[in-house]
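Please examine the sequence and the model shown here before reading the dialogue.

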2 protein chains.
Amino acid sequence: MPTSKEAPSDADTISHKLMSRAGLIDKTSSGVYTYLPAGYRVLRKVEDIVRKEMNRTGAIEILMPALQPANLWKESGRLDKMGEEMIRFTDRHKRLMLFGPTHEEVVTDIVRKNYNSWKQLPVILYQIQTKFRDEMRPRFGIVRSREFLMKDAYSFEMNEEGLDISYGKMKEAYKNIFSGCGLDFSIQQADSGVIGGKFSEEFVAKGECPELEVGHIFKLGTQYSESMKAFFVDRNGEEKPFIMGCYGIGVSRIVAAAIEGNYDEKGIIWPVSIAPFKVIVIPANTENSQMLETAEKLYKSFTDSNIEVLLDDRNESAGSKFADADLCGIPLWVIVGRKITEGKAEIRIRRGRKSEDVETGRVIEWVSDFLNR
Amino acid sequence: MPTSKEAPSDADTISHKLMSRAGLIDKTSSGVYTYLPAGYRVLRKVEDIVRKEMNRTGAIEILMPALQPANLWKESGRLDKMGEEMIRFTDRHKRLMLFGPTHEEVVTDIVRKNYNSWKQLPVILYQIQTKFRDEMRPRFGIVRSREFLMKDAYSFEMNEEGLDISYGKMKEAYKNIFSGCGLDFSIQQADSGVIGGKFSEEFVAKGECPELEVGHIFKLGTQYSESMKAFFVDRNGEEKPFIMGCYGIGVSRIVAAAIEGNYDEKGIIWPVSIAPFKVIVIPANTENSQMLETAEKLYKSFTDSNIEVLLDDRNESAGSKFADADLCGIPLWVIVGRKITEGKAEIRIRRGRKSEDVETGRVIEWVSDFLNR
């Protein structure tokens with residue numbers, strides 16, 4: 001976690017500044033970032049929350065290719081509608097290929113080949129996958145970037161009532177996901193844009209960042225199934241186009257949105273659910289062998305108890321270590337300082353900055369109770 | 001799991017045939033595949049085995065961008081060495097970008113910006129990430145495809161001894177990974193090709209597929225750190241280039257290799273560790289309510305015991321359900337058939353096709369014992 005006191009000069013939002021300063025991301029090129037170890041841990045936690053809620057709706061996970069043949073987009077009629085932000089290239093065999101910003105065409109192709117009866121419906125397929133977009137003006141760090149992680153889900157139904165049910169399930173799942181990641185959000189009726197369809201709503205996270213849509217759900221109807229001839233046989237033996245919905249979440253955007261809604265002047269205040277580590281153990285002075293050894297023992301006990309923990313055993317001043325712990329937003333700190341002579345460590349809660357002296361033998365129990373609450 | 005009796009006409013290896021027939025993958029375009037639900041489950045299991053072994057070596061997970069600026073490749077001198085299989089495009093601001101087939105340049109850039117002292121070494125960074133390659137002749141299904149999942153790791157050391165240690169750790173981890181995924185493999189000294197460096201070994205899985213390299217590890221030395229000016233300060237205060245190693249695994253290739261080494265004339269025989277489901281419950285006749293209800297109860301008990309289970313409650317003949325279970329390679333079958341009148345189900349082991357009649361009340365225990373062995 002390479003921290004720094006200064007944010008890069010192009011950092012234009014609080015989340016961009018804090019993600020850079022806390023060593024969560026590293027810029028490779030304009031709008032192109034690496035997730036460093038702590039940033040990657042947060043991303044995975046968000047991904048796992050998304051996956052859990054998707055699975056609860058009965059949606060099934062697959063993995064579609066980012067690389068798509070332009071042919072499919074000709075079928076749907078979307079090829080000419082897409083702007084320059086869609087990355088296209090001609091392959092070695094002179095076929096036009098593209099990096100798909102969404103997957104309505106690919107998933108409709110899968111369903112028309114593999115599903116043909118009302119008995120197999122409804123089906124909801126989803127994936128968590130990297131998307132590419134050649135943004136005119138990449139901004140706000142990972143928020144408007146050229147490479148990002150998305151969850152996209154697609155539902156296929158035999159009638160409008162089915163679509164309403166799946167759409168409702170997804171909307172509930174989205175509420176659980178965004179609340180679960182510590183976001184304060186609102187739901188707004190929205191323009192369906194190039195995705196199409198007749199009704200859509202977007203989930204907007206509160207914060208300073210002017211961009212921050214984190215989710216968008218669409219009732220598509222038969223736009224793709226009709227143009228791509230994706231039909232099933234209904235109860236009466238008649239051929240009908242599938243009734244579709246699609247449901248997107250900006251998985252990497254949630255990371256930035258969570259920071260926009262959870263920080264103070266000292267740094268990030270991670271919601272416990274997505275914190276890269278739950279606890280940091282800080283020996284106030286590593287040259288004091290009692291402090292260092294106690295800290296190391298506590299670190300091992302946390303590890304043995306499967307509680308994600310960091311040990312800050314750098315030979316730095318307590319003040320500078322506290323400043324880093326503040327910046328990185330670890331929810332619970334266990335400070336092993338002077339009171340160790342009385343057998344006590346200080347537990348500090350990052351959110352609200354409350355402190356409590358706890359006997360070292362009771363630290364793990366105290367923390368476990370806190371995390372289970 | 002949309003199964004079929006026929007393999008696609010372009011399927012040229014047993015793994016390609018069986019992955020298509022068992023509904024693990026769906027072809028979107030030449031060399032471009034979707035992982036369908038069961039295929040995706042296998043891929044994730046392989047990924048988790050790779051991740052666990054990487055973490056055990058002390059390597060730290062990050063996520064680098066697939067999108068890379070050509071500038072970095074000019075610095076390393078590799079831009080002109082790469083052939084047409086590297087996908088390049090000019091972005092909206094006329095900058096040359098590429099989809100990185102490997103990440104030596106990006107990771108060296110990260111390390112030169114964030115590490116500068118021998119005290120921070122060694123460091124091993126790794127990622128599990130989708131790679132793209134515009135293959136001249138995509139073949140063998142997911143083996144020589146245009147989009148695939150790789151694990152790539154990079155080690156940075158202060159001296160050659162350090163490199164030897166990290167290289168040795170990686171080699172051990174690779175053995176554990178391939179054995180853990182049920183592969184029979186050999187290790188061969190190899191040509192380092194366009195990656196460079198002075199010594200490399202490749203891991204070759206046994207099977208009919210003429211391609212099937214599943215891993216390749218390299219002692220790179222200072223080739224990238226010197227050309228890209230990635231230096232650290234050593235114990236004596238002198239600036240030195242990092243000594244590097246790099247270590248790749250074809251994560252998606254492991255899936256195909258596992259099939260090449262584990263099948264019979266009826267279908268796949270999944271190693272238990274990477275099977276999409278551990279158990280399938282098959283009511284021989286779904287119109288017999290005692291069979292169906294017992295099967296449903298067993299299915300629920302497995303789910304409650306966190307044992308990954310499928311229920312084949314299709315109204316098909318027992319024979320055709322057995323054929324699908326054989327094809328899909330589920331390790332353990334629980335068949336609820338005629339002996340249900342005596343309170344017994346049949347447990348069949350896919351590998352070796354041994355059978356045993358077990359009282360329905362003891363089925364979960366029997367299976368748990370088998371899986372824990």
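The dialogue below treats the interface first, then the sheets, and finally the backbone geometry.

This is a predicted model, in which local features need pLDDT of at least 70, side-chain atom pairs count only at pLDDT 80 or more, and totals for chains, interfaces and linings use all residues. Residues are numbered from 1 along each chain as its sequence is written, chains are lettered from A and ligands numbered from 1 in the order in which they are written, and side-chain values use heavy atoms, with hydrogens and water left out.

Student: Which three residues of chain B supply more of the area buried against chain A than any other three?

Tutor: In this interface, 48 residues of chain B are in contact (heavy atoms within 4.5 Å) with 48 residues of chain A. The buried area, meaning the accessible area (1.4 Å probe) that the two parts lose on being put together, summed over both, is about 4300 Å², and carbon and sulfur atoms give 59% of it. Of the area that chain B buries, 16% comes from Tyr40(B), Leu63(B) and Arg92(B).

Student: How many salt bridges does the rule find across the interface of chain B and chain A?

Tutor: A salt bridge requires a side-chain nitrogen of Lys or Arg within 4 Å of a carboxyl oxygen of Asp or Glu. Asp26(A) and Lys113(B) meet in this way, at 2.9 Å from N to O. Across the interface of chain B and chain A, the number found is six.

Student: Which strands stand at the edges of the open sheet of seven strands in chain B?

Tutor: Strands (E, at least two residues) and helices (H or I, at least four) are DSSP runs numbered from the N terminus, and two strands pair if DSSP finds at least two bridges between them. The order in this sheet is S3-S7-S8-S14-S11-S10-S9, with mixed pairing. Two of these strands each have a single partner strand, so one side of each is left without a neighbour in the sheet; they are S3(B) and S9(B).

Student: At what angle does H2(B) run to S7(B)?

Tutor: Axes are lines fitted to C-alpha atoms, for helices over the stretch in contact, and angles run from 0 to 180 degrees between N-to-C directions. S7(B) pairs with S8(B) in the antiparallel sense over ten bridges. H2(B) lies across S3, S7 and S8 of chain B, and the angle to S7(B) is about 165 degrees.

Student: Which residue of S6(B) stands opposite Thr90(B)?

Tutor: The open sheet S4-S6-S5 of chain B has antiparallel pairing. Within this sheet, three bridges join S5(B) to S6(B). The residue opposite Thr90(B) is Leu96(B).

Student: What is the phi of Gly352(A) in the turn between S20(A) and S21(A)?

Tutor: S20(A), residues 344-349, and S21(A), residues 355-359, run antiparallel and are joined by five bridges. Lys344(A) stands opposite Glu359(A). The two strands form a hairpin with five residues between them, and the phi of Gly352(A) is positive, at about 95 degrees.

Student: Which residue in the loop between H8(A) and S18(A) has a positive phi although it is other than glycine?

Tutor: The loop in question lies between helix H8 (289-304) and strand S18 (309-311) of chain A. A phi near 60 degrees is found there in Asn306(A).

Student: Is the peptide bond from Leu121(A) to Pro122(A) cis or trans?

Tutor: Pro122(A) is found in the loop between H4(A) and S7(A). The omega of the bond from Leu121(A) is near 0 degrees, and the bond is therefore described here as cis.
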